[in-house]
Amino acid sequence: MSGHVQIGEVAERTGLSLRTIRYYEEVGLVVPSARSQGGFRLYTEPDIERLLVIMRMKPLGFQLEEMRELVELLEASAGELSHQQRHRLAQLHDEVQQRCEKLRSRLRTAEEFAATLRRRLG
């Protein structure tokens, strides 16, 4: 099975735990492209890319259904998207921007606190 890698390599390449990858399979976010004769999960590059996209959504607080919807929209070619799907993608883009700003704000607050501790130590 050329071009396929086992779950351990996928975990190593993505930084996700085996448990997390199996969970994402269980909830239908990613499905191994194949199984070895021994029953091991086998993944392709597109499977790994999908996991990386999911991993990037996690800190933004997306729920599983939102992740599934967004991944499906991202995997469709631009020409395949209906007007409604394009509109939904634009809504999700705006939401991602808002969530990123909230994270930046939280990071600024955390950095201010770290600076307070540095001053206290220094």
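**Exercises on helix 3 of a predicted model**

In this predicted model, the buried residues of helix 3 pack against strand 1 (5–6), helix 1, helix 2 (18–26), strand 3 (41–43) and helix 4 (64–75).

**Exercise 1.** Determine which residues of helix 3 are buried, and decide how Arg50 is to be classed.

*Solution.* Step 1: the buried residues of helix 3 are Asp47, Ile48, Arg50, Leu51, Leu52, Ile54 and Met57. Step 2: for Arg50, the relative accessible area is 18%. Step 3: buried means under 20%, and Arg50 is therefore buried. Step 4: beyond its neighbours within four places in sequence, Arg50 has contacts with Leu29, Val30, Val71, Glu72 and Glu75.

**Exercise 2.** Compare the expected span of helix 3 with the distance between its end C-alpha atoms.

*Solution.* Step 1: helix 3 has 13 residues, and at 1.5 Å a residue its expected span is 18 Å. Step 2: the end C-alpha atoms of helix 3 lie 19 Å apart, which agrees with this expectation.

**Exercise 3.** Describe how helix 1 and helix 3 pack, and identify the residues that meet.

*Solution.* Step 1: the axes of helix 1 (residues 7–14) and helix 3 (residues 45–57) are 11 Å apart, at an angle of about 45°. Step 2: the two helices, helix 1 and helix 3, are therefore oblique to each other. Step 3: the crossing of helix 1 past helix 3 is right-handed. Step 4: helix 1 contributes Val10, Arg13 and Thr14, which meet Glu45, Ile48, Leu51, Leu52 and Met55 of helix 3. Step 5: the residues of this contact comprise 5 nonpolar, 1 polar and 2 charged.

Methods
Residues are numbered from 1 along each chain as its sequence is written. This is a predicted model: local features need pLDDT of at least 70, side-chain atom pairs count only at pLDDT 80 or more; totals for chains, interfaces and linings use all residues. Side-chain values use heavy atoms; hydrogens and water are left out. Axes are lines fitted to C-alpha atoms, for helices over the stretch in contact, and angles run from 0 to 180 degrees between N-to-C directions. Helices (H or I, at least four residues) and strands (E, at least two) are DSSP runs, numbered from the N terminus. Angles under 35 degrees count as roughly parallel, over 145 as roughly antiparallel, 65 to 115 as roughly perpendicular and the rest as oblique. A crossing is left-handed if the near helix is turned anticlockwise from the far one by less than a right angle, and right-handed if clockwise. Contact means heavy atoms within 4.5 Å. Ala, Val, Leu, Ile, Met, Phe, Trp, Tyr, Cys and Pro count as nonpolar, Asp, Glu, Lys and Arg as charged, and the others, Gly among them, as polar. The expected span of a helix is 1.5 Å times one less than its number of residues. Buried means under 20% relative accessible area, exposed over 50%, partly exposed in between (1.4 Å probe, protein chains only).
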